[in-house]
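Here is an informal walk through some features of a protein model. Take a look at the structure first, then read on.

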Amino acid sequence: MESCGINQFLEGKTIFIAGATGYLAKMLYLLHINVVLIEKILRVQPNVKKLYLLIRAPDSNLAKERFNNEVIKTDLFGVLRKKLGANLQALIEDRVFLVAGDIACDNLGINSELKNEMFKEIDIIVNSAAATRFDERYDTAIRTNTLGALNILKFSKQCSKLNMLLHISTAYVCGENDGLILEKPLHYGETLNGGSQLDIEVEQKVVEETLNDLKARNAAEKEVTLAMRALGIERAKIHGWPNTYTFTKAMGEMLLGHLKEDLQLIILRPTVILSTYKEPFPGWIEGMRTTDTFIVGYGKGKQNVIMGDKESIIDVIPADMVVNSIIAAMVAHRNCSSHSTTVYHISSSRRNQLNIGDTIQFSVDYFKKNRWIDERGKPVKLKKVRTLDSMASLHKYMTIYYKPLLKILEWANLILCQLFQKLHTDLERRNNLVIRLAELYKPYVFFKGVFDDTNAEMLLMVTKESNADDTFNFDPTTIQWEKYFKEIHIPGLVKYIF
């Protein structure tokens, strides 16, 4: 690793960012980290040569139009708008190039003329494309998170100037391991439970055979979706992972490491990414993360029960720190001759621990002083928070508080000709949803691991040599968690999510 002026490094570079996996109706949410990255690069180094951004869209013109209207006009780009004024649009036109394609396709589905131009120009590729739903359809997740990573690798090998492939994964490819979790690559075919070797080709065949069977039975689309979601969880648990997302991301890492040959590969594994800490301003966020579901529900007076161990470590990191680490890794590895894979945990649990009990208390304190006003113009009533320490206690709670009401509604429907059928259906659906979400989140609300970030700490030390004003800070020890949640993150949720 070497240090150099970060702004100087970015000048004249062509960077390809693959990160939008969904259709444009969901553009902003899916580009959460990418738009922060784009804004940061344009703000600190407007003389970057080109930023290519892969978008799953019918054509580049539509992608460009939606990007300008739905991304550039958001608050996130407010600082840049104020700085550049009318010149911002010209900068976007000159530097940001929307590429219509699909990470699940060969050559990423990019048309030949543009693809050949990109092969000659690209210096760095950043791949953050992911299907992030924990129980995503297995076919969708394996196509995006696993085979998508392979397609990016194949594309990378055709780029004549390419300096590195920087792959954004997740720290939770470790599964439910406890203790100190090291920054080391996954080995091809390894499992987390010591079972038989994982064969990625077999996983593809399982998907194909299941889809063919569903098609032969003329299964409805909803049945196919439910079957593929169940299959993903089943296959993940067979090999030791808790959900489809982390399992397919792990397989993507394995393929990259196994087939990269002499390509320089850097894997960044962030933990749970929350709102921006400082840049371009504190508190910007799009979409809710694991911890935010409870915060939003509690603030609106709709939820006061949470499952989890108050002492469990919850590892979170602000979005702008993740982006700073991405740029720092680009610079530090610019002239690296090593062909080994470098892994960085972008995390907080080793050096600045936060537990679930802290986040609950921060939320209670904030909303006591800043009550949410309901649709009638009245402050919502907040209930005392109740923490359930196991799935058994959750099932007991649901039996006591939900099952009797469901039974009463069943009898009322029999007597009154289904008068309360909709209410019964809604309550039953809510009951099932709570149980399903609890099962999905269980590995994280009882998580006992600590993410080693020794490599990331070394990267930070190198970065500080050319970063005297902390423009690219990603040091988790600089975060005061109580201040961050009460003055930055929760107000950000209220503004952008509520």
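What follows covers aromatic pairs, charges over rings, one helix and one pocket.

Keep in mind that this is a predicted model.

**Aromatic pairs**

Let's start with the rings. The count of aromatic pairs comes to 20. Two of them are set out below.

| Pair | Centre to centre | Angle between planes | Class |
|---|---|---|---|
| Phe-134 and Tyr-444 | 5.3 Å | 40° | tilted |
| Phe-362 and Phe-485 | 5.7 Å | 35° | tilted |

Why does the pair of Phe-134 and Tyr-444 count as tilted? Planes under 30 degrees apart would be stacked and those over 60 edge-to-face, with the rest tilted, so at 40° this pair is tilted. As for where the two rings come from, Phe-134 belongs to the loop between β4 (124-127) and α8 (138-156), while Tyr-444 belongs to helix α17 (residues 421-445), so their pairing ties together parts that are 310 residues apart in sequence. Both Phe-134 and Tyr-444 are buried.

The other pair in the table links two helices: Phe-362 is in α14 (residues 356-369) and Phe-485 in α19 (residues 481-496), so parts 123 residues apart in sequence are tied together. Are these two rings buried or exposed? Phe-362 has a relative accessible area of 9% and Phe-485 has 0%; buried means under 20%, so Phe-362 counts as buried and so does Phe-485.

Back to Phe-134 and Tyr-444: they also belong to one aromatic cluster, together with Tyr-172, Tyr-245, Tyr-441, Phe-447 and Phe-451.

**Charges over rings**

Some rings have a lysine for company. Lys-13 lies over the face of Phe-9, 4.6 Å from the ring centre. Lys-40 lies over the face of Phe-472, at 4.7 Å from the ring centre.

**Helix α10**

Next up is α10, residues 221-238. How far apart are its end C-alpha atoms? They are 26 Å apart, and that agrees with the 26 Å that 18 residues should span at 1.5 Å a residue. Its buried residues include Val-224, Met-228, Leu-231 and Ile-233, and Arg-235 is also one of them. Just after the helix, Gly-240 takes a positive phi of about 105°.

**The second largest pocket**

Last stop: a bit of open space. The second largest pocket holds about 220 Å³. It is lined by 14 residues, and the closest to its centre are Cys-174, Asn-177, Ile-181, Lys-184 and Leu-186. Sorted by class, the lining has 8 nonpolar, 2 polar and 4 charged residues.

Technical notes. Residues are numbered from 1 along each chain as its sequence is written. This is a predicted model: local features need pLDDT of at least 70, side-chain atom pairs count only at pLDDT 80 or more; totals for chains, interfaces and linings use all residues. Side-chain values use heavy atoms; hydrogens and water are left out. On a 1 Å grid over the protein atoms alone, a cavity is a set of points where a 1.4 Å probe fits but cannot get out, and a pocket is an open set with protein on both sides within 12 Å along at least five of seven lines; lining residues have an atom within 4 Å of a point. Grid points are joined across faces, edges and corners, and a volume is the space filled by probe spheres set on the points. Ala, Val, Leu, Ile, Met, Phe, Trp, Tyr, Cys and Pro count as nonpolar, Asp, Glu, Lys and Arg as charged, and the others, Gly among them, as polar. Helices (H or I, at least four residues) and strands (E, at least two) are DSSP runs, numbered from the N terminus. The expected span of a helix is 1.5 Å times one less than its number of residues. Buried means under 20% relative accessible area, exposed over 50%, partly exposed in between (1.4 Å probe, protein chains only). Rings of Phe, Tyr and Trp (its six-membered ring) pair if their centres lie within 6.5 Å; planes under 30 degrees apart count as stacked, over 60 as edge-to-face and the rest as tilted. A charge sits over a ring if NZ of Lys or CZ of Arg is within 6 Å of the ring centre and within 35 degrees of the ring normal.
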